[in-house]
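Q: I have a structure open and want to learn how to read it. Can we go through a few features together?

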Amino acid sequence: MTTRRLRTPSRSKPRTALALAGGGPLGAIYEIGALCALDETLQGLDFNGFDHYVGVSAGGFIVAGLANGLTPRQLCEAFIEDRATQDHVDPAWLMTPAWTEFGARLQRLPGLLGAALWDWGVQGKSATYAFERLGAVLPTGVLDNEGIHRQIEALFSRPGRSNDFRQLRARLTLVATELDTGEAAPFGQPGWDHVPISRAIQASAALPGLFPPVSIDGKHYVDGALKKTLHASVALDEGVDLLLCLNPLVPFRAEPDAPPHAGATAGGPQRIPSLIEGGFPAVMSQTFRSMIHSRLELGFKQYERSYPNTDIVLIEPDQRDAELFFANTFSYRQRRELAEHAYQQTRQMLRERQAQLAPKLARHGVRIDTDALDDTARQLLRPLRSANATAQRLHATLDELQARLQTLQPHA
C-alpha cells in the first residue's frame with residue numbers, strides 16, 4: 001500500500017497554500033512570469049515549500065511542477081524558453097487534431113442517420129426532431145489532449161520527481177469537473193489520489209469543445225473551471241494561515257478616449273477605445289472573462305467571511321492591460337514577450353501595492369525585497385542568442401525575396 005509522504009508543519013511555522021486558476025496557454029505564461037517576479041521579491045516564501053498546492057486547468061500544470069520541486073525559473077525554461085533540454089515542453093503538441101475522437105464519432109453516423117430517417121419517414125416525427133439525433137456525430141473536442149498526459153508523465157517520471165500524488169512532500173489538489181453530474185472532482189484528495197498527476201492535469205484542462213472529456217475509472221471529466229474559478233476553498237478548509245492566489249484572466253477595461261485599435265504592433269497593443277473594434281473574438285473573450293471574474297469576486301467575498309483568520313493575497317493582471325488581452329500565445333516570439341511582460345507588470349504591481357501587502361505578508365515572516373523591486377535592470381529572459389537572431393534575419397530576407405519575385409512575374 002502506498003502511503004503519502006507529507007511533511008507535518010510545525011506549529012511555529014505559518015501554514016501556506018498556493019492556488020492557481022486556469023486560462024489556457026496564456027494563463028500559464030502569465031502565471032510563470034508572475035511567479036518568477038514573486039519568487040525573487042518575496043523573501044521568506046519558498047515557492048517549492050508551500051503546504052498545499054491547488055490548481056485548475058493550466059494552473060494545475062504549474063502547481064504540479066512546483067510541488068515536484070521545479071522552481072519558477074525552471075518552469076520558465078521548460079515552457080517559455082526554446083532550449084533543447086530534457087524538461088522542455090513545446091506547446092505545439094496542444095494543436096494536434098483529435099483524430100481518434102473524429103473517427104469514433106464518424107463510426108456512429110450510419111446508425112444515427114438510419115434512426116433519424118426511421119423517426120421521420122416511419123414514425124412521422126418532424127424532420128427537425130428526427131435529425132437532431134445527428135448532433136451526436138459531432139466531436140466533443142477538436143484537439144487531442146492525450147499529449148498533455150504523455151508529456152507531463154515523462155516530465156514527472158524523471159529522478160527526484162513523481163507522477164503519484166501520494167509520493168509528494170506537500171499536498172497537491174488538481175480540480176476537474178465530472179461531466180455527468182457537474183460536481184467538482186478534487187484529484188489528489190483521499191479517494192482521488194490514485195489517479196496519475198498527469199492524467200488529472202489532462203482532465204482539469206479539458207475545456208469542452210476544444211478538448212474531448214477525459215475518461216478516468218469509467219467516468220468522464222472536463223475543465224475544473226466549469227464549477228469554480230480557483231477552488232481555493234479546498235486548501236482553506238484544511239486550515240492555512242496565508243493563501244496566495246494567481247488569476248490570469250480578467251475582463252478588459254477599454255479607454256474610450258484612446259485612438260482606434262489598429263492591431264498588434266511590435267510593442268503590443270496598448271490602448272483601444274472599444275472592444276467592438278476587435279470583432280467577434282474580442283466580444284466573446286470579454287464575455288467569458290467577465291463571467292469567470294464575477295464568480296471569482298463573489299468567491300473571495302465568501303472566503304473573507306468564512307475564513308477570517310487566513311490572510312488571502314490575490315495576484316492578477318491590470319484590467320487595462322491590452323497586451324495580455326490581445327495576445328497570440330502560440331507564437332514563440334510573443335510567448336517570450338508575454339512572459340517578460342507578466343514579470344515586469346507583477347513587479348510594478350508589487351511596487352504600487354507595497355504599503356498594503358507588506359503588513360499582511362509580514363505577519364507570516366514574508367518580506368518584500370525593495371532592493372529587488374527598485375532594480376530597473378532586472379529582466380526575466382535574456383535576449384535571444386545570435387544564432388536565433390541570424391535565423392530571424394534569414395526568414396525576413398526570404399520573405400522580401402519572395403515578394404520581389406512575385407512582382408517580376410508576368411501578369412495574366
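The dialogue below takes up cysteines, burial and contacts in turn.

A: One caution to begin with: this is a predicted model.

Q: How many disulfides does a search of the whole structure find?

A: The general idea comes before the count. A disulfide is a covalent bond between the sulfur atoms of two cysteines. Here, the search of the whole structure finds 0 disulfides.

Q: Why is there no bond at the sulfur of Cys76?

A: Check the distance. Two cysteine sulfurs must lie within 2.5 Å to count as a disulfide. For Cys76, the closest cysteine sulfur belongs to Cys36, and it is 4.9 Å away, so that is too far for a bond.

Q: Are Cys76 and Cys245 buried or exposed?

A: Read the relative accessibility. Buried means under 20%. Cys76 has 3%, so it counts as buried. Cys245 has 0%, so it is buried as well.

Q: How do I read burial for a whole helix, such as α8?

A: Go residue by residue. Helix α8 covers residues 197-204, and 7 of its 8 residues are buried, so the rest of the structure largely encloses it. Among the buried ones are Ile197, Ala200, Ile201 and Ala203.

Q: Where is Thr16 found, and which residues is it in contact with beyond its neighbours within four places in sequence?

A: Sequence distance and spatial distance are separate readings. Thr16 sits in strand β1, residues 16-20. Its relative accessible area is 7%, so Thr16 is buried. Thr16 and Phe50 are 34 residues apart in sequence, yet their C-alpha atoms are 5.3 Å apart in space. Leaving aside those sequence neighbours, Thr16 is in contact with Leu45, Gly49, Phe50, Asp51, His52, Val240 and Leu242.

Note on methods
Residues are numbered from 1 along each chain as its sequence is written. This is a predicted model: local features need pLDDT of at least 70, side-chain atom pairs count only at pLDDT 80 or more; totals for chains, interfaces and linings use all residues. Side-chain values use heavy atoms; hydrogens and water are left out. Buried means under 20% relative accessible area, exposed over 50%, partly exposed in between (1.4 Å probe, protein chains only). Helices (H or I, at least four residues) and strands (E, at least two) are DSSP runs, numbered from the N terminus. Contact means heavy atoms within 4.5 Å.
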